[in-house]
Amino acid sequence: MEHYQEEAIRNHVTLCDDALIEIEEAFKKLHSRTVSQPPVIRVDIPEHRGEADIKTAYIPGLSTFAIKVSCGFFNNPSIGLPSLGGLMLAMDAKTGVPKALLADNGYLTDVRTALAGAIAADRLAKKNDFNSRRIWYWHAGPLASKSA
């Protein structure tokens, strides 16, 4: 199994037209109800103001599927750690064998969310007199720089 750290992932996964097309296609498949997507598993860790969410989905025809673990531990800044983090496992869809561990600390989710916002903004924008689309779209926090 290959391991990728956040810096390497950031160097290879960016906001680009190819990524936008892939995310849009995934949403179309999700809408067609061909995707296998179980409910989110959530674990609360109240004594540490923490939580962990586990999410996964399989899109028929793809050679891999992902399992995502996203954590929020909101006391962490007081000990010099970020409050949010996580990782993804890329699994072989035919055998279930792990192919890669992606220690992205939520970066891939930020990219996917920014692209999803761009897709939604494009669909919701009204055409103006110049036959172009305009919409007011605002993000704050880590997504702000990715959504512009």
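## A guided tour, starting at Val 35

Select Val 35 first: leaving out residues up to four places away in sequence, Val 35 touches Lys 29, Leu 30, Ala 57, Tyr 58, Ile 59 and Pro 60, where contact means heavy atoms within 4.5 Å. This is a predicted model, in which local features need pLDDT of at least 70 and side-chain atom pairs count only at pLDDT 80 or more, while totals for chains, interfaces and linings use all residues. Residues are numbered from 1 along each chain as its sequence is written, and side-chain values use heavy atoms, with hydrogens and water left out.

Stay with Val 35 a moment longer, and add Pro 60 to the selection: the two are 25 residues apart in sequence and 6.6 Å apart in space, C-alpha to C-alpha. Val 35 is in the loop between α2 and β2, and with a relative accessible area of 16% Val 35 is buried; buried means under 20% relative accessible area, exposed over 50%, and partly exposed in between, with a 1.4 Å probe and protein chains only.

**The whole chain**

Now zoom out and colour by secondary structure, which shows four helices and eight strands in the protein. Helices (H or I, at least four residues) and strands (E, at least two) are DSSP runs, numbered from the N terminus. Read along the sequence, the pattern is β-α-α-β-β-β-β-β-α-β-β-α. Of the 148 residues of the protein, 25% count as buried, and among contacts with a separation of 6 or more, 42% are accounted for by residues 24 or more positions apart. With a surface display switched on, the protein exposes about 10400 Å², of which carbon and sulfur atoms supply 59%; accessible areas come from the Shrake-Rupley method with a 1.4 Å probe, and for residues only the protein chains shown count as cover.

**The loops around β2**

Return to the loop between α2 and β2 (41-45) and select Arg 33, which is placed there. Arg 33 has a positive phi of about 65° although it is not a glycine, and Arg 33 is exposed, with a relative accessible area of 75%.

Next comes Ile 41, found in strand β2 and partly exposed, with a relative accessible area of 47%. Ile 41 touches Ala 52, Asp 53 and Ile 54, not counting residues up to four places away in sequence. Draw a distance from Ile 41 to Thr 56, 15 residues apart along the chain, and their C-alpha atoms are separated by 9.6 Å.

Beyond β2, select Arg 49 in the loop between β2 and β3 (50-57). Arg 49 is a residue other than glycine with a positive phi, near 50°, and Arg 49 is partly exposed, with a relative accessible area of 48%.

**Where two helices meet**

Show α2 together with helix α3 (residues 107-124): the two pack at an angle of about 75°, with their axes 9 Å apart, the axes being lines fitted to C-alpha atoms, for helices over the stretch in contact, and angles running from 0 to 180 degrees between N-to-C directions. That makes α2 roughly perpendicular to α3, given that angles under 35 degrees count as roughly parallel, over 145 as roughly antiparallel, 65 to 115 as roughly perpendicular and the rest as oblique.

Display side chains here, and Ala 19, Leu 20, Ile 23, Glu 24 and Phe 27 in α2 meet Arg 112, Leu 115, Ala 116, Ala 118, Ile 119 and Arg 123 in α3.

Within this meeting place, pick out Glu 24 in helix α2 (residues 17-31), which counts as buried at 18% relative accessibility. Leaving aside neighbours within four places in sequence, Glu 24 is in contact with Ile 119 and Arg 123.

**The nonpolar core**

For the last stop, select the largest nonpolar core, with twelve residues: Ile 9, Ala 19, Ile 23, Met 88, Ala 90, Ala 100, Leu 102, Tyr 107, Leu 108, Val 111, Leu 115 and Ile 119. Such a core is a set of buried Ala, Val, Leu, Ile, Met, Phe, Trp, Tyr and Cys residues joined through side-chain atoms within 4.5 Å. The elements that give two or more residues to this core are α2, β5 (84-92), β6 (98-103) and α3, and α3 gives the most, with five residues.

Two of the core residues deserve their own selection. Leu 102 lies in strand β6 and is buried, with a relative accessible area of 18%; leaving aside neighbours within four places in sequence, Leu 102 is in contact with Tyr 4, Ile 9, Leu 87, Met 88 and Leu 108. Leu 102 and Ile 9 are 93 residues apart along the chain, and their C-alpha atoms are separated by 7.7 Å. Finally select Met 88, which, with the neighbours within four places in sequence left aside, is in contact with Ile 67, Lys 68, Ala 100, Leu 101, Leu 102, Asp 104, Leu 108 and Thr 109.
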